[in-house]
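Colleague: I'd like a close look at one part of this protein, the small open sheet, and then a walk outwards into what surrounds it. Could you take me through it in plain terms?

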Amino acid sequence: MSMSNMTDNIIPRADVIKSAARLGAEIKNIRLSDELSDEVIRAISQLLLEHKVIFFRNQGHLDDFEQQRFALRLGSLITHTTKQASMLEMAADRRSGRADQMHTDVSFGETCPKISVLRGVVIPADDRETVWSSNAAAYLDLPEPLRMLADNLWAVHCSAYDCAVSRHSDDMDAKQFDDVFTGTICESARPVVRIHPETGERLLVLGDDLQSFVGLEKYASQKLFDRLQSYLTTLENTVTWSWKSGDVVIWDNRATERYAIKESSDRDRVERRTAIDGDVPLSIAGPRSVARTKSKPQAARAA
C-alpha cells in the first residue's frame with residue numbers, strides 16, 4: 001500500500017501534497033494534538049521518514065503546552081536534566097533564531113535530536129522563508145570518487161562559535177552566546193556519512209558546527225567542506241517553505257539540513273521549537289560518534 005493510500009485510510013480528510021521532487025510534503029486538513037490516534041501518529045511518522053520534512057498550516061489552536069504534548073507522541077523530549085543538556089538546548093534555540101547558514105540542530109553532543117517540531121507563533125508579513133535540504137539526495141548525487149572519500153571521512157564538530165570552517169564572519173551576538181558555555185566546549189567526532197537508523201539510507205551530514213575533517217588541516221577542510229556542501233544546497237535537493245502564523249513544521253533532523261533566508265524583523269518573530277531525543281550517529285563501517293567536553297583556554301574566554 002502506498003503512503004498516500006495509507007494516509008487516506010487512516011486520516012480520511014487529510015491530503016498529502018509533495019512540496020518538491022526529492023523532499024517535503026504539506027499535510028492538509030489535519031488538526032495536530034495529543035489526542036490523535038496511534039494510527040494517525042504512526043502515519044505522520046512514516047510520512048516524515050518518506051518526505052524528510054512535513055508542513056502543516058492553520059495550527060493556531062496549539063499553545064506551548066499543547067505543542068509539547070503533541071511532540072511527546074513522536075518520542076522522548078530532550079530535557080534539561082544536566083548542564084550539558086541545557087547547553088545543547090540553548091545552542092539549538094540560538095540557531096533557530098539566527099540560522100542563516102546550512103545547519104542541523106546540535107551536531108556536537110553525544111547524540112543529536114531525532115526530530116524537531118517548530119511552530120510559528122507570530123510571523124511578520126515581511127518575514128523569511130526556510131530552506132531544507134535532503135542529506136540522502138545529496139549523498140546519492142556525489143560522484144563516485146567523492147562518495148568513496150566521504151564514506152570513510154570523519155569530522156570534528158565543536159560547540160564554540162568561532163571554530164567551525166563554515167563560518168566566514170562573526171556577528172554581535174557571538175560573544176553573548178559563547179558566554180553561556182561558561183568556559184566549556186562540547187566536541188564530537190562524527191562520520192560524514194551516517195546510516196539512518198530507521199530507513200537504512202546513507203546521509204551526507206555536515207552542519208555549521210563542523211570544525212575540521214579528521215586528518216586534514218583547516219584550509220583543506222574548508223575547501224572540501226565547500227565542495228560537499230554544494231551538493232546539499234543545489235536546488236534539486238532543497239525545498240522552501242514560506243512561513244505564516246500558526247504553521248507547524250516537523251523535520252527529521254538526522255536526514256535534513258536547513259537555513260533561513262534572512263528577514264528584516266527578527267525581533268518581532270515568535271516561534272517555539274520542541275526537539276525529540278535521538279541516537280548516536282552510526283558510520284558505514286559500524287563505529288559510532290564519540291563526544292567529549294573540555295575547558296576553553298583562559299585567553300579564548302577573555303577574547
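**The open sheet and its surroundings**

Modeller: Let's start with the sheet itself: three strands in the order β11-β5-β13, an open arrangement with antiparallel pairing. Keep in mind that this is a predicted model. The edges are taken by β11 (238–242) and β13 (256–260), each of which pairs on one side only. Ignoring direction, neighbouring strands here are turned by 20° against each other on average.

Now go strand by strand. Strand β5, residues 129–134, pairs with β11 in the antiparallel sense, over five bridges. If you want a spot to click on, take Thr130, which stands opposite Trp241 in β11. On the other side, β5 and β13 also run antiparallel and are joined by five bridges. There, Ser133 has Glu257 of β13 as its bridge partner.

You might wonder about β13, given that it's an edge strand. Four of its five residues are buried, so β13 is largely enclosed by the rest of the structure.

What packs on this sheet? Helix α8 does, touching β5, β11 and β13. The direction of α8 makes about 110° with that of β5.

Follow α8 (218–233) away from the sheet and you meet α6, since α8 is among the elements that cover the buried residues of α6. Others in that cover include α5 (135–141), β8 (193–195) and β9 (202–204). Helix α6 itself spans residues 144–151, and its buried residues are Leu146, Ala150 and Asp151. They cover an arc of only 140° around the axis, which puts them on the same side of α6.

Next, the nonpolar cores. The largest one has 22 residues, and those with the most contacts inside it are Ile30, Leu32, Leu36, Ile54, Phe56, Leu74 and Ile250. At least two residues of this core come from each of α2 (38–51), β3 (53–56), α3 (64–72), β4 (115–122) and β12 (248–252). Helix α2 gives the largest share, five residues. A second, separate core of 18 residues includes Tyr139, Ala155, Phe225 and Leu232.

Back in the largest core, Leu32 is a good place to zoom in. Setting aside neighbours within four places in sequence, Leu32 is in contact with Ile44, Phe56, Gln59, His61, Leu62, Phe70 and Val248.

From there, have a look at two residues in the helices. His51 is found in α2 and is buried, with a relative accessible area of 7%. Not counting residues up to four places away in sequence, His51 touches Val16, Lys18, Leu23, Gly24 and Ala25.

Ala71 sits in α3, and its relative accessible area is 0%, so Ala71 is buried. Leaving out residues up to four places away in sequence, Ala71 touches Leu77, Val117, Thr274 and Ile276. The one to look at is Thr274: its C-alpha atom is separated from that of Ala71 by 7.0 Å, though the two residues are 203 residues apart along the chain.

Two loop residues are worth a click for their backbone angles. Lys52, in the loop between α2 and β3, has a positive phi of about 75° although it is not a glycine. Asn58 lies in the loop between β3 and α3, and its phi is also positive, near 60°, again in a residue other than glycine. Is each of them buried or exposed? Lys52 counts as buried, at 5% relative accessibility, whereas Asn58 is exposed, with a relative accessible area of 69%.

Finally, zoom out to the whole protein. It has nine helices and 15 strands. Of its 303 residues, 51% count as buried. Among contacts with a separation of 6 or more, 83% are between residues 24 or more positions apart. As for the outside, the protein exposes about 14,000 Å², and carbon and sulfur atoms supply 50% of that.

Definitions and conventions:
Residues numbered from 1 in each chain as written. Predicted model: local features only at pLDDT ≥ 70, side-chain atom pairs only at ≥ 80, totals over all residues. Heavy atoms only, no water. Buried < 20%, exposed > 50% of the residue type's maximum accessible area, 1.4 Å probe, protein only. Contact = heavy atoms within 4.5 Å. Areas by Shrake-Rupley, 256 points an atom, 1.4 Å probe, with all protein chains shown as cover. Arc of directions from axis to C-beta. Core = buried A, V, L, I, M, F, W, Y, C linked by side-chain atoms within 4.5 Å. Pairing = 2+ DSSP bridges. Axes fitted to C-alpha atoms, helices over the stretch in contact; angles between N-to-C directions.
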